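Hi everyone, thanks for making time. I'd like to walk you through a structure that's new to most of us, so please have a look at the screen.

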Amino acid sequence: GDRSEAITLSVESGPMAIGTTIVEVQDGKICVTVGMVASVKLTAIGQTASSGAGLRPMLTTRSLDSRSTSKLTPNQKITIAPAALGVAAGAKAVTATFTVIGPTSSGTLSVGPCAGTELKAPFPKAALSAFSVVAPVSASGLCVSSSVSADVIVDVSGAWEPDAPSVVALAPVRVFGSYTSPAAVGVTPSVITVAGTAGLATQLTSAVLQVTLVGPSRAVSAFVWPCDQPRPSAAVGVVAASKRATFVVAAALTNGQLCIAADDAATVLVDVVAAN
């Protein structure tokens, strides 16, 4: 389109990077550019409509952590029931982060509605790799499998449900960047004011964020939550040492604000791409 604003998806090195964002469409078009020569595939997974599913942000919920049970064996399919996802009956999708830990080799993670079309996400042989998407679910829940033996973690930050409020796509707004703040994000929560920032409405109750996480010399996890709630144990994003990636997050706001922290000092950028 002809808008000058843009959302940047920062990605780790590897065979493929996967991300989800909400984008304004103008004259039936969106524009895409990359910082280097690369192949890009775009898939439309939803559109604004007068009826359908809206977004209910959640206190980030850990729905699966195979480290507490056993590693997934090659092509073993795990079903995560709606109750474990934290969604209501009739939910259409979840906003979730998927983390692959200690795979025996490079492989592919498959996620999607049980008995439905799956997203195929290649990952490298690395200590960990992660991505976030809006993943459709079925009445049975969400199904996850790996082509190689690996531990898998699934953290859910939002539920797309028929009775949830709709969200409105926005020109991306940078509401926080620890490049320019006094210190990197760390274990002490940083309070981010979203409502009223850079022209955003003053009465916002929730937002869809793109959270870019730049890892220090070791792996780091980031956490986002309403400031009137305790910090969740489930992360919205995780990157390996000295890597960076962007994660989509559904976030509820308290008095127009949210809190963010990391388990080690890290650079974090937060952009709002939709809100209500």
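I'll go through a sheet, then a buried strand, then the cores, and finish with two odd backbone angles.

One thing up front: this is a predicted model, so please keep that in mind throughout.

Okay, the sheet. It's an open one with 4 strands, in the order β9-β16-β11-β14, and the pairing is antiparallel. Who sits on the edges? That would be β9, residues 168-177, and β14, residues 244-252, each of which pairs on one side only. Going from one strand to the next, the twist averages 25°. As general background, strands of a sheet pair through backbone hydrogen bonds, and that can be parallel or antiparallel.

Let's zoom in on one pair. Strand β11, which covers residues 206-214, runs antiparallel to β14, and 9 bridges link the two. If you want a spot to click on, take Val214: its bridge partner in β14 is Arg244.

Now for β12, residues 220-225. Is this strand buried or exposed? Well, 6 of its 6 residues are buried, so the rest of the structure largely encloses it. You can look at it face by face, too. In a regular strand, side chains alternate between the two faces of the sheet. For β12, one side has Val220, Ala222 and Val224, the other has Ser221, Phe223 and Trp225, and all of them are buried.

What does β12 pair with? There's β13, residues 237-239, which is joined to β12 antiparallel by 3 bridges. There's also β15, residues 257-262, again antiparallel, with 4 bridges to β12. Two neighbouring positions show this nicely: Ser221 has Val238 as its bridge partner in β13, while Ala222 has Ala262 as its partner in β15.

Let me stay with Ser221 for a moment. This β12 residue has a relative accessibility of 14%, and the cut-off for buried is under 20%, so Ser221 counts as buried. Setting aside neighbours within four places in sequence, Ser221 is in contact with Leu213, Ala235, Gly237, Val238, Ala261, Ala262 and Asp263.

On to the cores. Generally speaking, nonpolar side chains in soluble globular proteins tend to be buried together. Here, the largest nonpolar core has 37 residues, and the ones with the most contacts inside it are Val194, Leu209, Val224 and Val270. The elements giving two or more residues to this core are β6, β9, β11, β12, β13, β14, β15 and β16. There's a second, separate core as well, with 28 residues, including Val94, Ala135, Leu142 and Val152.

Back in the largest core, what does Val224 touch? Not counting residues up to four places away in sequence, its contacts include Thr60, Leu209, Val211, Pro232 and Val249, and also Leu258, Cys259 and Ile260.

Last stop: the odd angles. Most residues other than glycine have a negative phi. Asp27 isn't a glycine, yet its phi is positive, at about 55°. You'll find Asp27 in the segment before β1, and its relative accessibility of 73% makes it exposed. Ala198 isn't a glycine either, and its phi is positive too, at about 50°. Ala198 sits in the loop between β10 and β11, and with a relative accessible area of 60%, it is exposed.

That's my tour. Happy to rotate the model if anyone wants another look.

Technical notes
Residues are numbered from 1 along each chain as its sequence is written. This is a predicted model: local features need pLDDT of at least 70, side-chain atom pairs count only at pLDDT 80 or more; totals for chains, interfaces and linings use all residues. Side-chain values use heavy atoms; hydrogens and water are left out. Two strands pair if DSSP finds at least two bridges between them. Axes are lines fitted to C-alpha atoms, for helices over the stretch in contact, and angles run from 0 to 180 degrees between N-to-C directions. Buried means under 20% relative accessible area, exposed over 50%, partly exposed in between (1.4 Å probe, protein chains only). Contact means heavy atoms within 4.5 Å. A nonpolar core is a set of buried Ala, Val, Leu, Ile, Met, Phe, Trp, Tyr and Cys residues joined through side-chain atoms within 4.5 Å.
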